[in-house]
Amino acid sequence: MSSVTDQTLDHDSHDHHHAPKGLMRWLLTTNHKDIGTLYLIFAFTMFLVGGAMAMVIRAELFQPGLQLVEPNFFNQMTTVHGLIMVFGAVMPAFTGLANWMIPMMIGAPDMALPRMNNWSFWILPFAFAILLASLFMEGGGPAFGWTFYAPLSTTYSNDSTALFVFAVHIMGISSIMGAINVIVTIVNLRAPGMTWMKLPLFVWTWLITAFLLIAVMPVLAGVVTMVLTDKYFGTSFFDAAGGGDPVMFQHIFWFFGHPEVYIMILPSFGIVSAIIPAFARKPLFGYASMVYATASIAGLSFIVWAHHMFTTGMPLFGELFFMYCTMLIAVPTGVKVFNWVATMWRGAMTFEVPMLFALAFVILFTIGGFSGLMLAITPVDFQYHDTYFVVAHFHYVLVSGAIFSIYAAAYYWLPKWTGYMFDEFLAKAHFWCSLISVNILFFPMHFLGLAGMPRRIPDYALQFADVNQIVSIGGFAFGLSQLIFLAVIVKAARGGEKAEAKPWEGAEGLEWTVPSPAPYHTFETPPVIK
Amino acid sequence: MDLKKIGLCWLAALVTIPSQAKDMPLNLSQGVTDISGQVYDLHMTIFYICCIIGFIVFGAMFYSIVRHRKSRGVKPANFHESTKVEILWTAIPFMILIGMAIPATKTLIAMENSDDAELTIQVTGSQWKWHYKYFEHDLEFYSVLATPKKQIENKLAKGENYLLEVDRPLVIPTNTKVRFLMTSDDVIHSWWVPEFAVKKDANPGFINEAWTNVPKPGIYRGQCAELCGKDHGFMPVVVIAKEQAEFDAWLAEQVAKQQAREAEEQRLLAMQLSEQELMDLGKRTYDQFCSACHQPNGQGLPGMFPALAGSEMVTQDRQGHIDIVLHGKAGTAMAGYGKQLSLKELAAVVTYERNAWGNNTGELIQAADVQARKNAAD
Amino acid sequence: MSQQYQKYYVPAQSPWPIVGAIALFLIAVGAGTSVQQMSQEGGSGHWILLAGATLLIIMLIGWFGNVIHESMSGLYSEQMDRSFRQGMSWFIFSEVMFFAAFFGALFYARMIAVPWLGGAGNNEMTHAVLWPEFSAHWPLIKMPDGGETQAMGWSGLPLYNTIILLISSITLHVAHVSLEQGKRTALTAWLLITILLGVGFLFLQVEEYIHAYVEMGLTLDAGVYGNTFFLLTGFHGMHVTLGTIILIVLFGRVIKGHFSKDQQFAFMAGSWYWHFVDVVWLCLFVFVYVL
Ligand code: HEA
Ligand code: HEA
Ligand code: CUA
Ligand SMILES: [Cu+2]
């Protein structure tokens, strides 16, 4: 124990080998693994909360007519469901994975800025406490969609908007600090010999994601600030009477919003690029092109934002520009998909649960990508826009994309985290139930959209009744299936078959060189990289 | 094995449930206009291209999954790079995309050209109704959801066009290029008729243009397609296309009716309506136009829409009350109803509010009182 | 054994982040409720806000106190220093993007929204039907709804402020050079001058705001010209305030004898921040005032 990592400070009276236990350990921790765990638990909790709201949505839409909730409450559910899933579930889950894995993957002792790491986590629960509490205010919580278009969110919103704005500010601060930590760790703390082109792809994709985060979260902060001043301080950024424009809101929002959706998928690409080679027992095909493709997707993501705004009355040349740029994204994304397939090609595959989720990811994400491409075609988007076709698109890329990849990652690394193998039967049940129900849930939404059902409505015309019923049944089934995961996790955390340092035969990477569970401090001295 | 059984059950569910579905087209409609046909063709083209690519990609993947599995005793290969293939599968998708972009650009250019329109209609959205104004004619009116509340609350059987019916549909002539000027009085709405492939946002303070040319007479239904608050789901669009001659007749009739109504209004000024009459009409008007926000019991939604029962303005400030109903309050959801409702209805609804839900002021408001406030504003 | 992070210092536990989290929570709740309560009398919002701000200051003092202590007792390696520097640069980049949002709003309003309201592009009908009286000019001194205001010229106060900030950037640089060369007196003097220039800038800025409000009718709610003007200069002013506070803290530490040629991260960070604020002002001066 010669490393300074373990050094006790002269002014620190306590010896931190007897670090605080119980709650204090978690509140005060600076350890990347603790913080990673906190992020992951928080994300899963939020997923359940956001999912419960989705269940309210699906229950109301089970039949035509208003039965369970008022339209206003329905809109709050839609809005908060979107916000929670995006900012509370997917993003923190990725940050949790980054915290756990990046230092281990690059041979670093911890994250570069450990105290800030703790801060970026602990402000999150408070932000969501504010957001959720606003639902109980008089007049209810935010009801203007997760995209909070002005002037619905300014002049015409209720008073919880102020809390919404500040909650978003805090989430933004958290993401920015988390991202700074990730970048600095990757740039500065790689073990000697861990050159750029040796970095695991998960690290690469997170590096680029972190850059996106730092570039766009402040823009979100800016636009919510304008919403706040428009609502409460008499400015007219989004009001034509004072020379502003409601569409300007959308431009600024989507300048954040589109990169944001890639923030929610790039780390998935990294995860899948780790898992497929491991279970195909064959090195990743086209490592370099994977890196370049990720960077191109990130670069392009800054110039496609207005594809969310084709119906707002942009001039023709704007519509064309954004259509072409958006379509271009299919090229680097395609490269990724092809590389994954090529990695499987002539491998020796086995189908453990992480691999199952990764394979499902490749197929279902690609389906979501195809519908994205269809949405990119401006004249046809006039028909699809703001219908369930869009809802189908983004749930395919988000649920069977991002969420599935997070499950894949969780199963892949769970033995490393807990030191125990998870219950294989339960995990497989989780996979198959999820796979089937997710398609019953989201596939028919394409049909609803094409047949003309708008999104964000609590009630619908009779022709949509049957398909909505199927969707809702799929929804309940998918929701219940997620409880299986909860069971798997609880079981694995409590014990089970001991996991070896490298439980997966074909897995590569530094994280598998340390024992399972990974010791509290890994790589106090840098590992040797071949 | 157990897992397989579970899976099979699911599959069975997946197959049987949709087989009971009825009536809903599973694909985009071809619509009735030339443009909507082009859009449909584009949609199908891209869809087929995606299917083919999907078939190839997933095909290769499944082949690999079946053949290249460890349980078959294969030895993994070790290749992990090939510049040639990689260039190929960058270039081919790129070419495919260009192939998609060309027809898309053509259709888009056609859609955005609203020159040479023969009829112009201004479409104004507001929470939660549409207002149509025939630009070249002396005719304008509101169009509001006609589905009774009872049906929405499941107290009555739902009609055939549940939620897709309005009190006064927009009427347009066939085989005429009709231009729409979209705008809004409050939040953003979006005017959408799928059969025309027209969806355009109605932005407050700006005017967006769109056009259509409908070849076939008929009734076409759509909905508001931008979240616009509580009753976004209850803001349908109904358009009736009529042959030119029929349309002309309809237009003349409507213009005449509108003028007659204005004359009637003037006559009304001298009349006194009875309390019974005012309260009945008032309740009807209130339930139709005001209860969405202020609620049928006058309690409003705290924090969003004020209660009218016991409201200071309603119980005391008579002029203020008439004014706010006539002109609305700028910067709030409270729109002015001076244009939408007749003097009689306005008088009735104000009377109703001043006497319902325990507001018992005992006051009657007559058309002349409303007219007086209208004049005062001019 | 490898050299690389032999001495990478990972603090054990720290109470400050959670204190900071509670502080931000109180600030958000406090700010949120005070904004809601603006039209009412009294209200508890600003007290919560105040409590949060106080707690945040306590947290910053405690946290930086720890960092300074660790730094002074030689726990930090060069690599650690690099982490801090990179962290600071990315933080500044995020600030740049925050300002970018407001500059974006300015350009959009000026080059798109206002001309469209005046009938440019495909918005002929917008002008003809909705705003026939309006004519598009920038600065927008007559708004579509008829409200009027005046434009702020660039000569006078803004120009003085530009000069002040430019000079302050130079003086801070000179202070930094003095630090590198170990000239403590010069360091103290130049740093002090920089602080005074910063305070002077803020003073003139307040002066300008008073002038705008009282004499010109240029207020926060004076249309999109006033909005962009006040939010851009306002957020910039807040950054100058923060920068000045940082410089004052650095000054205190300089007096105590902190910092040396190779132990000067905080000083670097402070001066980067100051230069960044300076560059933002230059953009502001050009795009808000001159053009
Ligand atoms: C993880 C999140 C994620 C991801 C990855 C994507 C990926 C893409 N999205 Fe999606 N999108 C969302 C999340 C995401 N989206 C969300 C949340 C919304 C709605 C927001 C809201 O309004 O609330 C949305 C909405 C949205 C719209 C606006 C729709 C509307 O409101 O009218 C559009 C339009 O262009 C679009 C396009 C695309 C495209 C082109 C991609 C591409 O990146 C997809 C590329 C992938 C492929 C194409 C498949 C693989 C490629 C190949 C196999 C190669 C060969 C293929 C061809 C040549 C065809 N998305
Ligand atoms: C990553 C993001 C993410 C995720 C994971 C999900 C997950 C789900 N979403 Fe989605 N959704 C969005 C992001 C996401 N969503 C966004 C951004 C919007 C747009 C919002 C807007 O319009 O502003 C949206 C909108 C949206 C709509 C459209 C609402 C509307 O337009 O009015 C619907 C409707 O069906 C829906 C359903 C679901 C369902 C059923 C799930 C399921 O996958 C959830 C499954 C999880 C659980 C159910 C939790 C676990 C189980 C329990 C807690 C036990 C209780 C279970 C039962 C009672 C069965 N979502
Ligand atoms: Cu009007 Cu939605
Ligand atoms: Cu997008």
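## Briefing: metal sites and fold of chain A

The copper ion (ligand 4) is held by three protein donors, A:His258 (ND1), A:His307 (NE2) and A:His308 (NE2), at 1.8 to 2.1 Å; donors are N, O and S atoms within 2.8 Å of the metal (3.2 Å for Na, K and Ca), and sites may look incomplete because water is not among the atoms. This is a predicted model, in which local features need pLDDT of at least 70 and side-chain atom pairs count only at pLDDT 80 or more, while totals for chains, interfaces and linings use all residues. Residues are numbered from 1 along each chain as its sequence is written, chains are lettered from A and ligands numbered from 1 in the order in which they are written, and side-chain values use heavy atoms, with hydrogens and water left out.

**Copper site**

- Along the sequence, the donor residues of the copper ion (ligand 4) follow the spacing H-x48-H-H.
- Distant parts of the chain are linked here: A:His258 belongs to helix α7 (residues 246–263) of chain A, and A:His307, 49 residues apart from it, to the loop between α9 (287–300) and α10 (316–328).
- A:His258 and A:His307 are both buried, a term for under 20% relative accessible area, with exposed meaning over 50% and partly exposed in between (1.4 Å probe, protein chains only).

**Iron site**

- The iron atom of ligand 1 has A:His393 (NE2) as its only protein donor, at 2.1 Å.
- A:His393 lies in helix α14 (residues 388–418) of chain A.
- The iron atom of ligand 1 and the copper ion (ligand 4) are 4.6 Å apart.

**Overall fold**

- Chain A contains 16 helices and 0 strands; helices (H or I, at least four residues) and strands (E, at least two) are DSSP runs, numbered from the N terminus.
- The radius of gyration of chain A is 23 Å, which agrees with the value near 24 Å for a compact globule of 530 residues; it is taken over C-alpha atoms, and the globule rule is 2.2 Å times the number of residues to the power 0.38.
- Of the 530 residues in chain A, 77% are buried.
- Among contacts in chain A with a separation of 6 or more, 82% join residues 24 or more positions apart, where contact means heavy atoms within 4.5 Å.

**Helix α16**

- A:Val490 is located in helix α16 of chain A.
- A:Val490 counts as partly exposed because its relative accessibility is 40%.
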